[in-house]
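User: I would like to go through this structure with you and ask, for each label, what it rests on. Please set the values against the cut-offs as we go.

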Amino acid sequence: MHWTEMKKDELERQYSPSRWSPRMSADDVIKAHVKALKEGTERARGMAQTLLNVPYGEGDGEKLDVYIPNINSLDVHLVVYIHGGYWQFLSKEESGFMAVPLIDKGVVVVAVGYDIAPKGNMDLMVSQVRRSIVSVVQQYSHISGLYLCGHSAGAHLAAMVLSTDWSQYSITPQIKGAFLVSGIYDLLPILSTYVNEPLKMTEEVAVRNSPSKLVPQLKLSSCSCQIVVAVAENDSPEFRKQSEEFYKTLEASGLNVTMEDVANTDHFSIIEKLVDGEYHLTKLLLKMMGKS
């Protein structure tokens, strides 16, 4: 069934990732998710040199956390992580976990903060993550490879970064790779659901911030980027469809894109497992950087 034919309660169920985990109840899976991310981030802070709350703009929420390995090399690979939480939950404070297996490999990890709703609206959040990338490139001029990773709402924001018209900025970042994990690429289905209550998006705002509608710009801006669209085996059918359709559109445009359907994961464990160096997506990211 197409989302336009779904009743509101079915549409809300499809766009409630916590209701699809086979591991535990909806409330418990969210609690466990926050706990896993916090624990991973604490581990990363114990392993790496950190620069916390580095400003990339004027706003209170416009700050980065940087996890730096103990290396003297000028040839640095850097991964920018954009957190999920449906644009209204989580923060950079729980977003350093993926540094755990990357620090040993000499990779810098940057966790981006942005103003979640209701303080921030969709246009602002998209502008913030774009500006954060510009700031990272300006601060780390010796990056040999810049990579993006975003989960859920963060995958949406990462896809919006790939779709940026950089002529409006002082710099054109050369993003070599992007991991879009269990993302939403068409915002129209969520307009009439609870997700939009704090966001207050109109149809016009949803369209201009939907990566699925911006593929020609993405092709112009990110034609040399290696894109991985990853989805969890136990994501909802609608989440899975979003990933599959976005992947097919990118592939049809001739972009360098692969689809990863990650077995034995749900919407939350698919990203939590990036704390593990032996996890499929971690290995894929390291291979992409030539670090495997």
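User: What makes Ser182 count as buried?

Analyst: In this predicted model, the relative accessibility of Ser182 is 1%, and buried means under 20%, so Ser182 counts as buried. Ser182 is found in the loop between strand 6 and helix 6 (203–208), and its phi is positive, at about 50°, although it is not a glycine.

User: Why is Trp87 called buried or exposed?

Analyst: Trp87 has a relative accessibility of 0%; set against the cut-off of under 20%, this value places Trp87 among the buried residues. Trp87 lies in the loop between strand 3 and helix 3 (99–103) and, without being a glycine, has a positive phi of about 60°.

User: Which peptide bond is cis, and what is its omega?

Analyst: The cis bond joins Ala117 and Pro118, with omega at about 5°. Pro118 belongs to the loop between strand 4 (107–112) and helix 4 (122–139).

User: What makes helix 5 "mostly covered"?

Analyst: The label rests on a count of residues: in helix 5 (residues 153–162), 10 of its 10 residues are buried, and buried here means under 20% relative accessible area. Among them are Ala153, His156, Met160 and Leu162. Strand 5 (residues 143–151) is also described as mostly covered, with 7 of its 9 residues buried.

User: How do you know that strand 5 is paired, and with which strands?

Analyst: Pairing requires at least two bridges between the strands. Strand 3 (residues 76–82) and strand 5 have 7 bridges, while strand 5 and strand 6 (residues 175–181) are joined by 6, so both pairs satisfy the definition, and each runs parallel. Gly150 appears in both pairings, as the bridge partner of Ile82 and opposite Leu180 in strand 6.

User: What is the handedness of the crossover from strand 5 to strand 6?

Analyst: The chain passes from strand 5 through helix 5 to strand 6, and this β-α-β crossover is right-handed. The term applies because, with the strands pointing away from the viewer, the path from the first strand over the helix to the second runs clockwise.

User: Why is one empty space called a cavity and another a pocket?

Analyst: The distinction is whether the space is open: in a cavity a 1.4 Å probe fits but cannot get out, whereas a pocket is an open set of points. The structure holds 1 cavity of 30 Å³ or more, and the largest cavity has a volume of about 40 Å³. Its lining consists of Pro173, Gln174, Ile175, Ser221, Ser222, Ser224 and Cys225, which divide into 3 nonpolar, 4 polar and no charged residues. Cys225 is one of the lining residues, and Cys counts as nonpolar because the definition places it in that class.

User: What makes up the linings of the two pockets, by class?

Analyst: The largest pocket, with about 300 Å³ of space, is lined by 16 residues, of which the closest to its centre are Ile30, Gly85, Tyr86, Phe89 and Phe268. By class, that lining has 7 nonpolar, 9 polar and no charged residues. The second largest pocket has a volume of about 190 Å³, and of its 14 lining residues the closest to the centre are Asp186, Ser212, Lys241, Gln242 and Glu245. Its lining divides into 5 nonpolar, 4 polar and 5 charged residues. Because Asp, Glu and Lys count as charged, Asp186, Lys241 and Glu245 in this lining belong to the charged class.

Definitions and conventions:
Residues are numbered from 1 along each chain as its sequence is written. This is a predicted model: local features need pLDDT of at least 70, side-chain atom pairs count only at pLDDT 80 or more; totals for chains, interfaces and linings use all residues. Side-chain values use heavy atoms; hydrogens and water are left out. On a 1 Å grid over the protein atoms alone, a cavity is a set of points where a 1.4 Å probe fits but cannot get out, and a pocket is an open set with protein on both sides within 12 Å along at least five of seven lines; lining residues have an atom within 4 Å of a point. Grid points are joined across faces, edges and corners, and a volume is the space filled by probe spheres set on the points. Buried means under 20% relative accessible area, exposed over 50%, partly exposed in between (1.4 Å probe, protein chains only). Helices (H or I, at least four residues) and strands (E, at least two) are DSSP runs, numbered from the N terminus.
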